[in-house]
Amino acid sequence: MAVRVHEPAELTKCRSVLILNVDQDLRGRARLHLQGRFWHDLAYELADPFPRRVKRDLRNEAELREAWLDVEVGGWSLRLGKQPSEWG
């Protein structure tokens, strides 16, 4: 949650997040993995300073973070898809 402290003091963010993971074996030789994030920001419904278009466009967001297919073929293991690379 975020609140603007300068005048006018208003709610600027009140975000709920849903993270969805799906892992599915496909006939024993392949595996599917999906991960998505979905946001709903209640601030756009509770606070008035946002124009109607902004409320409509930013109230809900979704992102496909990961999507891949692992396949074993002739002794080879292959991974095809989208996977973030994060270095720390």
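How many helices and strands are there in the protein chain? The points below start there and move from the whole chain to single residues.

1. **Elements.** This is a predicted model. The protein chain holds 2 helices and 6 strands. Read from the N terminus, the order is β-β-β-β-α-α-β-β. Both helices therefore fall between the fourth and the fifth strand in that order.

2. **Overall dimensions.** The protein chain has a radius of gyration of 20 Å, whereas a compact globule of 88 residues would have one near 12 Å. The C-alpha trace spans about 65 × 30 × 20 Å along its principal axes.

3. **Burial and contacts.** Of the 88 residues, 20% count as buried. Among contacts with a separation of 6 or more, 38% link residues 24 or more positions apart.

4. **Surface and charge.** The accessible surface of the protein chain comes to about 7,200 Å². Carbon and sulfur atoms account for 54% of that surface. The chain carries 15 positive and 14 negative charges. The mean positions of the two sets are 4 Å apart.

5. **Strand β5 and its partners.** Strand β5 covers residues 60–73. With β4 (residues 30–41) it runs antiparallel, joined by 11 bridges. With β6 (residues 76–82) it also pairs in the antiparallel sense, here over 7 bridges. β5 thus has a paired strand in both β4 and β6.

6. **Trp68 as a register mark.** Which residue stands opposite Trp68 of β5? On the β4 pairing it is His33. In β6, the bridge partner of Trp68 is Gly81. A second mark for the β5 and β6 register is Asp70, which stands opposite Arg79 in β6.

7. **The β5 and β6 hairpin.** There are 2 residues between the strands of this hairpin. Gly74 takes a positive phi there, near 50°.

8. **Exposure of β6.** How many of the 7 residues of β6 are buried? The number is 0, so β6 lies largely in the open.

9. **Arg65.** Is this residue of β5 buried or exposed? Arg65 counts as buried because its relative accessibility is 16%, and the cut-off for buried is under 20%. Leaving aside neighbours within four places in sequence, Arg65 is in contact with Gln35, Gly36, Arg37, Lys82, Pro84 and Glu86. Of these partners, Gln35, Gly36 and Arg37 fall within the residue range of β4. Lys82 falls within that of β6. As a general point, side chains in a regular strand alternate between the two faces of the sheet.

10. **Arg27.** This residue lies in the loop between β3 (15–26) and β4. Its phi is near 55°, a positive value in a residue other than glycine. Arg27 is exposed, because its relative accessible area is 82% and the cut-off for exposed is over 50%.

11. **Leu46.** Leu46 is found in helix α1, which covers residues 43–46. At 56% relative accessibility, Leu46 counts as exposed. Which distance separates Leu46 and Leu11, C-alpha to C-alpha? They are 7.8 Å apart in space, with their places 35 residues apart in sequence.

How values were computed: Residues numbered from 1 in each chain as written. Predicted model: local features only at pLDDT ≥ 70, side-chain atom pairs only at ≥ 80, totals over all residues. Heavy atoms only, no water. Helix = DSSP H or I, 4+ residues; strand = E, 2+ residues; numbered from the N terminus. Buried < 20%, exposed > 50% of the residue type's maximum accessible area, 1.4 Å probe, protein only. Contact = heavy atoms within 4.5 Å. Rg over C-alpha atoms; globule rule 2.2 N^0.38 Å. Areas by Shrake-Rupley, 256 points an atom, 1.4 Å probe, with all protein chains shown as cover. Lys, Arg positive; Asp, Glu negative; His and termini not counted. Charge placed at Lys NZ, Arg CZ, Asp CG, Glu CD. Pairing = 2+ DSSP bridges.
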